[in-house]
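Here are a few short exercises to work through at your own pace. Have a look at the model first, then try each task before reading its solution.

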Amino acid sequence: MKGGKLVCLGIESTAHTFGAGIVDEKCNILANEKHSYTTESGGMIPREIADHHLQWAESVLKNALQKAGVGIKDIDVFAFAQGPGMGPALKVGAVATRTLALLHNKPLLGVNHPVAHIEIGKKLCGSRDPLVVYASGGNSQIIGYESNCYRVFGETLDIGIGNLFDSFGRELGIGFPAGPKIDEMYFLGKTLIELPYTVKGMDLVFSGLLTVASKKAKSHSKEDLCYSLMHTSIAMLCEVTERALAHTGKKEVLLTGGVACSKALQKMFQEMCDARGVKLFVTPPAVAIDNGLMIAWLGLLMHKSGVKMSVSETRVNQKFRTDHVKVTWKV
Ligand code: FE2
């Protein structure tokens, strides 16, 4: 129930998930509803994802308001994920949120999706100044706050690590998302198969790994291949994170994004953090995967710091970079 505090509704629609979250300024989670696109086989098709979001938008929104015990008129601020993401999917969330904000004459804010992951992860884990490992289907970045900006210290130069797992899952005939099934198989693998390990400076390249692992799909067991694919790619991510820790001197690592739910990833990062005397925070699964709550929370932080946007400033931005956001709120 709303109790005199500012309340923000956030809508997420950058990729497979349409989510609606409602939060107040004390970060009381009033609702976090979502519905995600999945397939039995094959990957994500942007047009089908947009159709999915259109189909589920109304019920997800209604469920969120009902769960929160508030009416649409009780919402003080409307926020949506402005990017990065898939254009057709982003537009569904943008149009829905603009319509609601204009109809009810309330502030409208477009927010950066990775920064939303970071802020809700920090808040819920109690992490203050972490090096953030944002690992998902579309993104893989090592990020740290410095001088009013979340700086990207290293990132993928081609596909996200989650995309690597999902694409490889397609080779094995696993539907979307394949990551959780590959993560289970990681722990059943016994033999490490040599695969390309590609770290370029502080950046990562995963596509060669995918090509070689796919070529070996017929000559090795699924378990050994999943183990080797995950081991190699996560070790690459770990190496860059470790170097960024040495460079920044940060004492905390925060895992977020859908791939943060991977037990294989958590295990290897825990070992690396223990060896360096760094504290590891793992964002809870419901908030590590894409969700509306994180969009609402960042929208609220931005609103309270005085950010205002006209409708023309809320155009979706498929390539909205983490380090292009000026941090105006207290971190
Ligand atoms: Fe995400």
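The exercises below concern a predicted model, and they go from its domains to some backbone details.

**Exercise 1. Find the domains and say how far apart their C-alpha centres lie.**

Solution. Start with the division of the chain: domain 1 covers 7-116 + 288-324, while domain 2 covers 118-287. Domain 1 is thus written as two segments. Next, take the C-alpha centres of domain 1 and domain 2, which are 25 Å apart.

**Exercise 2. Describe the contact between domain 1 and domain 2: how many residues take part, and what area is buried?**

Solution. Begin with the residues: 29 from domain 1 are in contact with 29 from domain 2. Then turn to the area, where about 2,100 Å² is buried between domain 1 and domain 2. Carbon and sulfur atoms give 62% of that area.

**Exercise 3. Which side chains form the salt bridge between the domains, and which elements help to build the domain 1 side?**

Solution. Between domain 1 and domain 2 the count is 1 salt bridge. Look for Glu155 and Arg321, whose side chains meet at 3.0 Å, N to O. This distance passes the test for a salt bridge because the cut-off is 4 Å. Polar contacts come next: 16 residue pairs are counted between the two domains, both residues at pLDDT 80 or more. On the domain 1 side, the elements that give two or more residues are strand E3 (29-36), helix H3 (113-125) and helix H10 (292-304). H10 provides the largest share, 5 residues. Sorted by class, this side of domain 1 has 15 nonpolar, 10 polar and 4 charged residues.

**Exercise 4. Which two residues does a cis peptide bond join?**

Solution. Keep the usual pattern in mind: most peptide bonds are trans. Now check the bond between Gly83 and Pro84, which is cis with an omega of about -5 degrees. To place Pro84, go to the loop between strand E4 (77-83) and helix H2 (87-103).

**Exercise 5. Ser147 and Asn148 have positive phi values. Is Ser147 buried or exposed?**

Solution. First recall that most residues other than glycine have a negative phi. Ser147 has a phi of about 50 degrees, and Asn148 has one near 65 degrees. Ser147 sits in the loop between strand E7 (140-145) and strand E8 (150-155), and Asn148 is also found in the loop between E7 and E8. Finally, compare accessibility with the cut-offs: Ser147, at 52%, is exposed, because exposed means over 50%. Asn148, at 44%, counts as partly exposed.

Key. Residues are numbered from 1 along each chain as its sequence is written. This is a predicted model: local features need pLDDT of at least 70, side-chain atom pairs count only at pLDDT 80 or more; totals for chains, interfaces and linings use all residues. Side-chain values use heavy atoms; hydrogens and water are left out. Domain bounds come from an automatic or database domain assignment. Contact means heavy atoms within 4.5 Å. Buried area is the accessible area (1.4 Å probe) that two parts lose on being put together, summed over both. A polar contact is a pair of N or O atoms within 3.5 Å; within protein, one must be able to donate a hydrogen and the other to accept it, and residues adjacent in sequence count only if both atoms are side-chain atoms. Helices (H or I, at least four residues) and strands (E, at least two) are DSSP runs, numbered from the N terminus. Ala, Val, Leu, Ile, Met, Phe, Trp, Tyr, Cys and Pro count as nonpolar, Asp, Glu, Lys and Arg as charged, and the others, Gly among them, as polar. Buried means under 20% relative accessible area, exposed over 50%, partly exposed in between (1.4 Å probe, protein chains only).
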